[in-house]
Amino acid sequence: MMVAGSRRWPAEGGGGAAGSAAGSAEGGARLVWYAAYGSNLHAARLACYLRGGCPDGGAHTYPGCRDRRPPLRDVAAVLPGTLYFARESAVWGGGSGFYDPDAPGELPCRAYLMTVSQFSDIAAQEMRRSPGTDLDLTRTLAHGRDRLGPGRYETLVHAGELDGHPLLTFTAPEGLAGAALNPPSAPYLRTLAAGLAESHGWNARRCADYLASRPGAAGHWTAADVLAVLGGGLDL
């Protein structure tokens with residue numbers, strides 16, 4: 001895993017950072033890194049999971065987390081594996097983005113430092129479950145993965161450690177080899193590109209080249225097509 005830039009998030013209501021990157025959250029809550037590789041690369045999109053709401057270009061309103069505070073910190077990171085588009089997104093239309101850690105390649109992601117409660121509630125909303133219960137991460141941390149069900153994002157992945165905290169994400173159970181690939185929609189691509197620009201500092205051309213080359217998008221979207229969707233730039 002490679003880590004690039006880092007930033008702390010202001011606490012709600014001001015007053016600087018919400019906690020220590022190497023310690024515990026207020027009240028001693030356990031901390032984990034959530035590695036976002038899809039639309040949650042974009043901070044405004046993640047906020048819909050944390051505080052509740054509907055993302056721009058989306059078609060679903062999320063209830064939000066029990067703990068609605070922003071993450072303590074985020075870093076741009078790169079994991080081994082690949083992003084692919086498959087299944088059908090009820091929020092964006094077209095394929096959803098999934099992570100195969102066993103496939104060749106590199107996956108740019110954005111790691112958010114947050115409480116186990118927040119990660120659990122974000123995962124529940126991604127799994128189309130009701131938030132409100134902390135996940136039991138024992139098997140995930142012991143074995144690297146834990147399949148909670150057959151659905152989208154119901155497989156938890158322990159991708160490593162960062163600053164003494166586990167780096168976790170979720171994906172589909174079948175992986176790239178077993179996936180029914182499906183090209184992503186234009187609104188979804190715009191959100192992913194905005195997140196890559198915001199977290200990794202990529203320009204529109206680099207975002208378009210990357211997204212158009214991902215399995216599921218390749219052969220349906222060209223880099224020029226994606227760039228046209230982005231309007232030649234990114235509004236961050």
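This report covers the overall make-up, one helix pair and the aromatic residues of a predicted model.

**Overall make-up**

The protein has 6 helices and 9 strands. Of its 236 residues, 55% are buried. Among contacts with a separation of 6 or more, 68% join residues 24 or more positions apart. The exposed surface is about 9,600 Å². Carbon and sulfur atoms supply 51% of that surface.

**Helices H1 and H2**

Two packed helices are described by the angle between their axes and the distance between the axes. Helix H1 spans residues 43–51 and helix H2 spans residues 116–126. Their axes come within 9 Å and cross at roughly 100°. H1 and H2 are therefore roughly perpendicular to each other, since 65 to 115 degrees counts as such. H1 contributes Leu46, Cys48, Tyr49 and Leu50 to the contact. H2 contributes Gln118, Ile122, Gln125 and Glu126. By class, the contact has 5 nonpolar, 2 polar and 1 charged residues.

**Aromatic residues**

The count comes to 11 aromatic pairs. In one of them, the ring centres of Tyr84 and Phe98 lie 5.9 Å apart. Their planes meet at 35°, so the pair is tilted. Tyr84 and Phe98 are 14 residues apart, and the pair links distant parts of the chain. The table places each partner.

| Residue | Strand | Relative accessibility |
|---|---|---|
| Tyr84 | E4 (residues 82–86) | 0%, buried |
| Phe98 | E5 (residues 96–100) | 0%, buried |

Tyr84 and Phe98 also belong to one aromatic cluster. Its other members are Tyr34, Tyr112, Phe119, Tyr153 and Phe170.

How values were computed. Residues are numbered from 1 along each chain as its sequence is written. This is a predicted model: local features need pLDDT of at least 70, side-chain atom pairs count only at pLDDT 80 or more; totals for chains, interfaces and linings use all residues. Side-chain values use heavy atoms; hydrogens and water are left out. Helices (H or I, at least four residues) and strands (E, at least two) are DSSP runs, numbered from the N terminus. Buried means under 20% relative accessible area, exposed over 50%, partly exposed in between (1.4 Å probe, protein chains only). Contact means heavy atoms within 4.5 Å. Accessible areas come from the Shrake-Rupley method with a 1.4 Å probe; for residues, only the protein chains shown count as cover. Axes are lines fitted to C-alpha atoms, for helices over the stretch in contact, and angles run from 0 to 180 degrees between N-to-C directions. Angles under 35 degrees count as roughly parallel, over 145 as roughly antiparallel, 65 to 115 as roughly perpendicular and the rest as oblique. Ala, Val, Leu, Ile, Met, Phe, Trp, Tyr, Cys and Pro count as nonpolar, Asp, Glu, Lys and Arg as charged, and the others, Gly among them, as polar. Rings of Phe, Tyr and Trp (its six-membered ring) pair if their centres lie within 6.5 Å; planes under 30 degrees apart count as stacked, over 60 as edge-to-face and the rest as tilted.
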